[in-house]
Amino acid sequence: MMLSRSILILLLALFSANTLGAKKPMRVVSTNLCTDQLLLMLAEPGQIASVSHLAVEPESSYMAEQAKRYPLNHAEVEELLTLKPDLIVAGAFTKKATVNLLRELGYRVEVFPLTSNIAEIKRNVEHMAQLLEQRAKGDELVQEMEKRISTVQAEVPNRALPSLFYQPRGYTSGRNTLHDEALILTGWRNVASEHGVNGYGVIDLESVLLAEPVQFFTSDYGQGSDSLAQRQLQHPALRLITGGKPMVNVGFRYWICGGPMIADAIEQLAEIRNR
Amino acid sequence: MSTLTAKTASEMNQGMLLALLGLLVVSLVVISLFIGSNPIPVFQALQESLDDTPTVLSMILTEVRLPRALIAAFAGATLGLCGAVMQGLLRNPLASPGLVGSSSGAAFGAVAVLYFGLGTTFWAALPLGGMLGALGATLLVYLLAGRDASIVTLILAGVAINSLALALISLLLNLAPSPYAVREIVLWMLGSVASHSMNEFWIMLPGVLLGSLLVTGNGRALNALTLGEDTARSMGINIVRLRWQLFLAVALAVGSAVSITGAIGFVGLVIPHLLRPLVGYMPGRLLPVSALGGAAMLLMADIAIRLFPAGTEIKVGVLTALVGAPFFLYLILKTRRAQL
């Protein structure tokens, strides 16, 4: 009984691997901003069936322009089914129930983990390239990103200066974040990590001042709007401590998802360090 | 008026009382300067802040801790004073900016201005929004409850207007263009004096001072009002003018304070009650005493939340409500007993 069942499962697995895995997916649906961007970077235009509605928001999506050509989805099961996907790529934030339901219905769903460093970005790019049968394109993308980062790294001064990502409401990026790695690669020290912040967390204003950062960075994604949270970035002490140097805005779209666009952010951070 | 000033057992000399409360407020401001997330040598910081070039220590003292202490002191004084004014004017022991809707009205006005882009164009837009909101809500409650409203009617009208203001604040914050707005409902409803700069203090100050100035000199009229409106009128007091002047004063002061701190509850209710026996139940003498008492209460609450061993700081309004709500219930029980 047991044996026959396992044989059945094995056969089913082989069958699905043959019909789905070996063939190049031509109707790929992405339900998450992070997979949207990787898909748009790596797929041939004919492979993409749909991307999520966030993919066209220029503040959060690096590939907003390219995303406009494709139908948008809201990660609802019903609308996904009507798209007749042969591969669904989802992110760690996609609802578990949605993923499970799609899998039960026989669809192939690949869930991409979140990224908190450049090595994980590479892994995600390679994973997507492999799924799309676009390995050469994936390698090219990774190599270009690495080349840009190492060029920048060679140019920045050795002495690291204290800096901080300061977001509305006093949020910051500590250890194990892309921001932390990017700062350290570009000749900055991350005051938040040194203060003991792990991941994304709050740092109080007094601790910020005591660390005497020479430069603040921010990724405010509500530009042009007003709130108490955003007013916190206007605190006069923040300007005084850096000798009047204005806070530099490094686009939200480079960080919200880990991807090769991290190279753009790193170049921007390095440029300010080299000034 | 000497017949009215027969001394009660707990009554104190007014000058003495003011001096003591003043000393308390000053000490609390100083204590407040010593408390922060990091221990810093405050005296050294003070010395350095007298120099021309700002140092880190002087910045923490003058740009972070000082505005917090000053905002707490002035916002607390506003709430204490306005509580005393309202209880005197409406001759209702449960009247206060929080219960009569002035605070939540002010918060609504400030929210309408701040989140829809008017706050950055003109510095006074924010307190003006708060003032209009406070005035509107107070007048609405006053009209709803009627002139000689019973305690219950006034409270019910206040509850209705408070709920309406809360609903409108939530609605506005949901519609606001800023992605951060929705999470700030709590800040407006409970109030906080944390993470402000001296800019906010200067924005709040004119309205608070102007409001207090409008109240000054009306003590005698409030004393007379305790004898009933007719008697007060026969004593030459223009009740209509008094009412408008005091409503305006409350709107100016509460509107400015709340537009910076959010609606901090119960200070305006508790403080006048605690201090009333000490001034021989004279509404006029209660005014300056309540202002100092309110400042002391809010400073104490703000010091307490900073000493509280919680991971993230709780809002100061949480503490004033935790102290104030049981007190409110006690007052209700007391008035019920008095009515029996």
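# A guided tour of chains A and B

Begin by selecting Phe165(A), which stands opposite Phe217(A) in strand β10 of chain A. The model on display is predicted, and each stop below names a selection and then describes what is found there.

**The sheet around β10(A)**

Extend the selection from this pair to the strands that carry it. Strand β6 (residues 161–165) of chain A and strand β10 (residues 215–218) of chain A run parallel and are joined by three bridges. Next, add strand β11 (residues 248–249) of chain A, which pairs with β10(A) in the parallel sense over two bridges. Within this pairing, Thr218(A) is placed opposite Asn249(A) in β11(A).

With these strands displayed, the whole sheet can be completed. Its four strands follow the order β8-β6-β10-β11 in chain A, forming an open sheet with parallel pairing. Why do β8 (188–190) and β11 of chain A each have one side without a neighbour in the sheet? Both stand at the edges and have a single partner strand, so one side of each remains unpaired in the sheet.

**The five-stranded sheet**

Move now to strand β2 (residues 48–52) of chain A. Five of its five residues are buried, so the strand is largely enclosed by the rest of the structure. Select strand β1 (residues 28–30) of chain A alongside: the two strands pair in the parallel sense over two bridges, and Val29(A) has Ser50(A) in β2(A) as its bridge partner.

Then select β3(A), which also pairs with β2(A) in the parallel sense over two bridges. Here Ser52(A) has Asn73(A) in β3(A) as its bridge partner. The full set is an open sheet of five strands in chain A, ordered β3-β2-β1-β4-β5 and paired in parallel. Its edge strands are β3 (72–73) and β5 (109–112) of chain A, each of which pairs on one side only.

**Chain A as a whole**

Display the complete chain. Chain A contains 13 helices and 11 strands, and its C-alpha atoms fill a box of roughly 70 × 40 × 40 Å along the principal axes. Of its 275 residues, 43% count as buried. Among the contacts in chain A with a separation of 6 or more, 61% are between residues 24 or more positions apart.

Colour the chain by domain: domain 1 covers 23–136 and domain 2 covers 157–274. How far apart do the C-alpha centres of these two domains of chain A lie? The separation between the centres is 29 Å. Where the domains meet, 17 residues of domain 1 of chain A are in contact with 14 residues of domain 2 of chain A. On the domain 1 side, α2 (33–42) and α6 (118–131) of chain A each supply at least two residues. By class, that side has eight nonpolar, seven polar and two charged residues.

**Across to chain B**

Select both chains and inspect the interface, where 25 residues of chain B are in contact with 25 residues of chain A. Helix α3 (residues 56–89) of chain B gives the largest share of the chain B side, five residues. The residues on that side comprise 12 nonpolar, 11 polar and two charged.

**The largest nonpolar core**

The largest nonpolar core has 180 residues, and those touching the most other members include Leu39(A), Ile262(A), Val85(B) and Ala107(B). Its largest share, 20 residues, comes from α3(B). Domain 1 (23–136) and domain 2 (157–274) of chain A both give residues to this core, so the core lies between them.

Centre the view on Val85(B). Leaving aside neighbours within four places in sequence, Val85(B) is in contact with Val215(B), Leu246(B), Ala249(B), Val250(B) and Leu287(B).

**Helix α4(B)**

Finish at helix α4 (residues 102–114) of chain B. At 1.5 Å a residue, its 13 residues should span 18 Å, and its end C-alpha atoms are 18 Å apart, which agrees. Is this helix mostly covered or mostly uncovered? The helix is mostly covered, with 12 of its 13 residues buried. Among the buried residues of α4(B) are Ser102(B), Gly105(B), Ala107(B), Phe108(B), Val111(B) and Leu114(B). To see what covers the buried residues of α4(B), select elements of chain B that include α5 (125–145), α6 (151–175), α7 (185–190) and α11 (239–261).

Notes. Residues are numbered from 1 along each chain as its sequence is written. Chains are lettered from A and ligands numbered from 1 in the order in which they are written. This is a predicted model: local features need pLDDT of at least 70, side-chain atom pairs count only at pLDDT 80 or more; totals for chains, interfaces and linings use all residues. Two residues are in contact if their C-beta atoms, placed from the backbone, lie within 7 Å. Ala, Val, Leu, Ile, Met, Phe, Trp, Tyr, Cys and Pro count as nonpolar, Asp, Glu, Lys and Arg as charged, and the others, Gly among them, as polar. The expected span of a helix is 1.5 Å times one less than its number of residues. A residue is buried if 20 or more other C-beta atoms lie within 10 Å of its own, exposed if 12 or fewer, and partly exposed in between; C-beta atoms are placed from the backbone. A nonpolar core is a set of buried Ala, Val, Leu, Ile, Met, Phe, Trp, Tyr and Cys residues joined through C-beta atoms within 7 Å. Domain bounds come from an automatic or database domain assignment. Two strands pair if DSSP finds at least two bridges between them.
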